[in-house]
Structures are given as C-alpha cells and as structure tokens.
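Q: I'd like a close look at one part of this model, taken slowly. Start from a single residue and work outward, telling me what the cut-offs are as you go.

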Amino acid sequence: MVLGIETSCDETGIGIVRGSELLADAIASSVAEHARFGGVVPEVASRAHLQAMIPTVHRACADAGVSLADIDAIAVTAGPGLAGALLVGVAAAKAYALALDKPLYGVNHLSAHVAVDLLENGPLEEACIALLVSGGHSSILQVPRVGGEEIVELGATLDDAAGEAFDKVARLLGLGFPGGPLIDRAAREGDPAAITFPRGLTGAHDPAFAFSFSGLKTAVARWVEARQRQGEPVSVNDVAASFQEAVVDVLTAKAVRAAREQGVDYLLLGGGVAANSRLRALAAERCEKAGLRLRVPRPGLCTDNGAMVAALGAQLVMHGASASRLDIGADSALPITDVLV
Amino acid sequence: MIALVIDTSSAAVTAGVVEIVPALGGAAAVSVRGERVKVDARAHGELLAVFVKESLDEAGLGMRDLNAVIAGVGPGPFTGLRVGLVTAAAISDALGVPAYPVCSLDAIAAIAQPPDVVSAGELLVAADARRREVYWAVYRDGRRRLGPEVDKPAELRIEAMAAVTAMAGAGARMYAEVLGLPLIETAGSSLSDYPTVLGLAQVAAADVLGAGPAAPLTPLYLRRPDAVAATASKAVSQP
Ligand SMILES: [Zn+2]
C-alpha cells in the first residue's frame with residue numbers, strides 16, 4: 001500500500017493505492033485563491049500546501065479506512081513543477097517516510113500522469129503512446145511500459161502548453177480562470193467551424209510531434225480585437241469552440257500519427273487538458289478510425305492528484321525499483337526521462 | 001522527555017534531539033543529545049530530513065523514543081521555513097506526539113540573554129529578512145516585549161529601540177553599523193546568530209514537561225505573498 005503526495009502546482013493531493021487499486025484520492029485545491037490573479041501564484045500555492053498537508057493526509061487515510069501504520073511506502077512528486085510548492089510535498093514525504101520507517105520514492109509528475117491510467121483501466125503489458133497535456137506541459141511520449149522507468153519524449157510544445165493557451169484565451173474572452181473547463185463549457189454552445197484558426201506546426205516540414213500554441217493564442221486575440229474595432233459582435237461561444245477545435249485537432253492528429261509510426265496499438269491520454277470533453281471525443285473518433293485503442297482516465301484523475309503519484313510509486317515498488325535517498329531535492333525542471341529520482 | 005528540535009527559519013538548517021528534565025524551582029533543564037547544523041540557505045529541502053536522522057543516530061535514539069517535536073515557526077524566508085514546519089508537522093502526526101511552536105527570534109534571545117539573567121537594558125534580536133530588511137523583536141529580561149515585525153534596519157521605531165542596549169542575531173550582525181549597538185557574541189560561535197537547538201528547546205521546555213497542549217505550527221510570515229501569477233500576464237496579442 002503506497003501513499004502518494006502531490007504538490008507540484010495548486011492542488012495538495014494525497015492518494016492511497018494498493019497495487020493498482022485506488023483506495024483514496026483526497027485533494028485540497030487553492031485554485032480559488034489564484035483566480036483573481038489569472039494564474040497560479042507560487043507563494044499562495046506553497047502556503048496553501050503547508051496548511052492543507054496534514055488534514056489532507058488524514059482525509060485520505062479516513063477515505064481508505066487505513067491508518068498511517070498500514071502504509072508500506074511513500075511516493076512524492078519530486079518535479080517538475082513550482083519549486084517552492086514541490087518542496088513542501090517532498091519535505092512532508094521524507095518526514096513521513098522517516099517517522100514511519102518506510103521507503104521513499106521521489107517520482108516524476110509527468111510519468112505519474114501516465115501511470116494513473118492503470119487505476120482506471122487496469123494493467124497494460126504493451127507499449128503505448130501517451131499524449132500528456134496540461135497547464136504546464138504538452139508532450140507526446142513513447143512509453144514501453146506504463147508505470148515503468150523508461151520514457152522517451154517524441155515531441156513537446158515549443159512555447160505555451162495547451163492548458164496555458166486555454167487559460168490565456170479564457171482570460172481574453174473574459175471567461176475567468178482556470179480556462180480549461182470554462183472554454184469547454186462555452187464551446188458546447190458554439191460552432192467549432194465558425195472561425196478557422198491556424199493549426200501550429202502542421203506543415204510538411206515542421207517537426208512531426210512538436211506543438212506550438214502561442215501563434216494560435218495570438219490569432220484568437222487578433223481576431224477578437226479586429227471584430228471589436230469594427231464594432232461587430234463577438235460570439236464568445238463560437239470563438240471558444242473554434243479555438244478548442246484547433247487545439248484538439250492538432251493534439252489528436254499528432255498523437256495518432258505517433259502511435260501509427262511507432263507501431264503501437266494503444267494511445268493513452270493524461271494531464272489536466274485530457275479532462276476536456278472535445279479532446280476525449282475527437283481522440284476516441286480518430287483512434288477508432290486508425291484502429292487504435294484509447295485509454296483515458298476519468299476527468300478527476302486527469303487533473304493533478306495524489307493517486308497518480310501513489311499509482312506510479314506502487315508500480316515502481318512492484319518492479320523492485322530502489323528507493324530514493326533521504327537527501328533528494330525538488331527539481332522544478334526535472335526531465336521527463338527521470339521517472340524516479 | 002525526549003524532543004526533536006527543528007528550525008529552518010534562517011540560512012541555517014538546524015535539527016537536534018534534546019532531553020528535557022525537571023530542575024529545581026519548577027524549571028526545566030535541557031541537554032542536547034544530538035545536533036546537526038549547516039549554514040546553507042538553499043539546502044533546507046535536501047538536508048533537513050538527513051539531519052533529523054543523524055541527530056537521532058548521534059543520540060543513540062530512534063523515532064519511537066521521541067515524546068515531542070519542537071519547531072521554530074519563524075519569522076523567516078518562506079520557502080526554507082515551510083520545509084521545517086511541514087517536516088515537524090508530519091513527524092508529529094506520524095508518531096502521534098505533540099508539536100510545540102517557538103518564535104525563532106525567541107530562541108536566539110534565550111541564548112544571547114538567558115531569562116534568568118536580569119539585564120539593565122533591553123535586547124534587540126534581528127534576523128535577515130532579505131530585501132534589505134530584518135525580522136526583529138525586543139526582549140526585556142528574556143521576555144519578548146515587542147515584535148516580531150519586519151522593517152528596514154534604519155527604520156526600526158524609536159519607541160521600540162529606546163531602552164535597547166545590545167543586540168543579537170544574523171540580521172543584527174549584518175546591519176551592525178546601521179543599528180549601532182553592541183553585538184552579543186555567544187560562546188564564541190557565529191552559529192548562535194541563528195536559532196539553536198538549545199535555545200529552541202529552552203523556550204519550549206516548560207510546555208513540553210508540563211505536557212501543555214500542543215499548538216498548530218503556524219508560520220510567522222509577516223509579509224503578504226507577492227501576487228504575481230506564474231504565467232505571463234501581458235496582453236495576449238503582443239508578439
Ligand atoms: Zn500535472
């Protein structure tokens with residue numbers, strides 16, 4: 001039984017997992033405190049993590065019906081993420097590991113986003129392609145084994161992460177923060193074909209698996225500003241739907257292409273943006289057409305949580321990975337290839 | 001009573017194990033059984049847990065021997081401070097033993113001017129608050145009379161400083177010229193510029209012995225967070 005601690009951004013997540021069975025997924029979010037700043041304020045997030053840590057551990061134990069003494073190992077996000085926020089989780093994990101005399105596993109947040117799929121969709125013995133999309137990252141990964149120690153990044157965003165683009169466009173449209181769910185909702189009432197926004201890096205000579213969303217975000221801003229200058233009405237729903245379509249079109253096209261080129265049968269979605277309803281729908285549609293099987297956790301497990309960290313920790317324990325040392329640090333720029341610190 | 005002592009409110013990473021026993025006149029005697037200190041403002045996250053373990057090893061004790069946790073709650077630079085507080089809180093939680101918060105400046109005062117020494121004047125304790133400011137408090141006969149607060153060294157209130165005759169702490173040493181008071185040198189060690197294991201334990205000793213109610217380890221931030229979002233907030237259409 002593994003306790004997972006996640007504090008890389010604005011969610012204090014504590015998960016408890018036995019093997020690949022989810023026992024508890026307790027989350028305290030400081031998202032409301034960041035809303036008026038239009039983005040996550042690192043110091044506000046760090047303060048909230050410290051305040052929420054112990055109560056959230058208690059809630060997770062209560063939800064799982066276990067006591068701390070029953071825990072066999074502690075896993076924690078060691079990076080990437082906000083440095084000060086990560087540090088709170090890493091210090092807490094070390095203290096619990098030390099006091100309970102259990103092994104510590106400092107793990108990669110991105111790998112944890114992939115591993116959480118096992119909790120929902122069961123074991124996967126084959127290699128897969130993972131599309132990891134969130135406010136901090138947008139990558140296409142080649143994953144020989146979900147929950148394993150080897151991951152290869154085939155491509156990533158060259159500028160903004162997909163979730164960042166959602167936040168910025170939501171702000172531009174006056175929808176608020178965080179942008180993902182708000183754009184998703186507005187887009188349901190809009191026409192995705194109303195405006196043709198550019199699809200970044202989809203030219204014949206562009207890198208096949210890299211993304212760029214900053215040009216798209218600028219194009220949306222220009223389009224809206226031009227309308228406003230001419231005194232024409234702007235349909236927020238149409239803009240949201242058209243913008244969202246441009247993002248998920250590129251994401252799914254490239255991910256499906258990667259899966260085909262690598263000759264794998266599975267495409268896995270993870271990260272906060274994988275909670276987007278249109279991304280899930282389009283991925284399902286294109287996977288079916290391409291003869292791929294889609295694995296995607298329920299939206300609550302796509303966003304940051306402690307269960308994903310516990311899930312990865314449990315896989316590492318099961319496969320005999322050696323525990324982390326007590327002097328590991330938090331690495332805000334931890335490379336994706338470092339699954340275990 | 002055996003207590004784990006932690007402070008990360010300054011550039012020093014400090015952990016130790018103390019034994020607290022009743023002394024004459026209802027007082028408490030503190031002896032340090034194990035201790036690890038390193039001045040490295042960027043290493044709290046890496047070193048603290050290791051130091052806790054090494055202090056216990058030096059004392060020949062294990063986690064289960066601990067009866068209490070004592071933690072310096074600042075004021076201090078936030079990122080390091082939180083490492084100590086979440087560590088102390090988690091250990092206290094995992095072991096089911098009470099935690100006792102100590103104002104970190106009090107721990108410096110306890111060593112620089114022990115409470116049983118009646119002094120003619122007051123003591124200023126100042127810690128480095130970065131941004132050319134100090135966290136400070138004023139003590140009379142070992143008791144905090146003012147503070148903790150955060151200010152520029154040259155702008156400490158005249159009222160606060162009227163009866164101060166000496167000063168201590170890393171902030172006091174740093175701005176010795178501006179503050180213009182004699183610096184108390186304790187035990188010939190510059191480590192006493194920072195909250196020490198002994199000082200922290202002495203401040204909390206009576207509560208630990210009396211098994212007084214544990215209190216939440218609430219950090220003394222004294223400053224609001226800088227409200228700058230992590231993502232850029234320039235106009236979207238700017239190139
Ligand atoms: Zn994430």
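**Around the zinc ion and beyond**

A: A:Asp304 is buried, at 16% relative accessible area (buried means under 20%, exposed over 50%, and partly exposed in between, with a 1.4 Å probe and protein chains only). Before going further, a bit of bookkeeping: residues count from 1 along each chain as its sequence is written, while chains are lettered from A and ligands numbered from 1 in the order in which they are written. This is a predicted model, where local features need pLDDT of at least 70, side-chain atom pairs need 80 or more, and totals for chains, interfaces and linings use all residues; side-chain values use heavy atoms, without hydrogens or water.

Back to A:Asp304, which offers OD to the zinc ion, alongside NE2 of A:His109 and NE2 of A:His113, at 2.1 to 2.2 Å. Donors here are N, O and S atoms within 2.8 Å of the metal (3.2 Å for Na, K and Ca), and with water not among the atoms, a site may look incomplete. Along the sequence, the donor residues follow the spacing H-x3-H-x190-D. That long gap ties distant parts of the chain together: A:His109 sits in helix α4 of chain A, while A:Asp304 is 195 residues away, in the loop between α11 (299–302) and α12 (306–318). Helices (H or I, at least four residues) and strands (E, at least two) are DSSP runs, numbered from the N terminus. A:His109 is buried as well, with just 1% relative accessible area.

Now step back to the space around this residue. The largest pocket holds about 1100 Å³. It has 43 lining residues, and A:Asp304 is one of the five closest to its centre, together with A:Cys9, A:Ser134, A:Gly135 and A:Gly136. A pocket is an open set of points on a 1 Å grid over the protein atoms alone, where a 1.4 Å probe fits and protein lies on both sides within 12 Å along at least five of seven lines; lining residues have an atom within 4 Å of a point. The volume is the space filled by probe spheres set on the points, which are joined across faces, edges and corners.

Why is this pocket placed between two domains? Domain 1 (2–114 + 305–318) and domain 2 (126–296) of chain A both contribute lining residues, so the pocket lies between them; the bounds come from an automatic or database domain assignment. As for helices, α4 (109–115), α6 (162–172) and α7 (179–188) of chain A each put in at least two residues, and α7(A) gives the largest share, with six. By type, the lining splits into 17 nonpolar, 17 polar and nine charged residues. (Ala, Val, Leu, Ile, Met, Phe, Trp, Tyr, Cys and Pro count as nonpolar, Asp, Glu, Lys and Arg as charged, and the others, Gly among them, as polar.)

Follow the chain from α6 to α7 and you come to A:Pro178, in the loop between them. The peptide bond from A:Phe177 to A:Pro178 is cis, with omega near -5°. In the loop between α7 and α8 (214–229) of chain A you'll find A:Leu201, which has a positive phi of about 55° despite not being a glycine. A:Leu201 is buried, at 18% relative accessible area.

Another cis peptide bond joins A:Gly79 and A:Pro80, with omega about -10°, and A:Pro80 lies in the loop between β4 (73–79) and α3 of chain A.

The second largest pocket has a volume of about 890 Å³. Its lining comes from elements of chains A and B: among those giving two or more residues are α2 (42–64) and α3 (83–100) of chain A, and α2 (78–95) of chain B. The largest share, four residues, is from α2(B).

Helix α2 of chain B is also home to B:Arg82, which is buried at 1%. Its side chain makes a polar contact with that of B:Tyr221, at 3.2 Å (N or O atoms within 3.5 Å, one able to donate a hydrogen and the other to accept it within protein; residues adjacent in sequence count only if both atoms are side-chain atoms). B:Tyr221 sits in the segment after α7 of chain B and counts as buried at 11%. Its C-alpha is 6.9 Å from that of B:Gly76, though the two are 145 residues apart along the chain.
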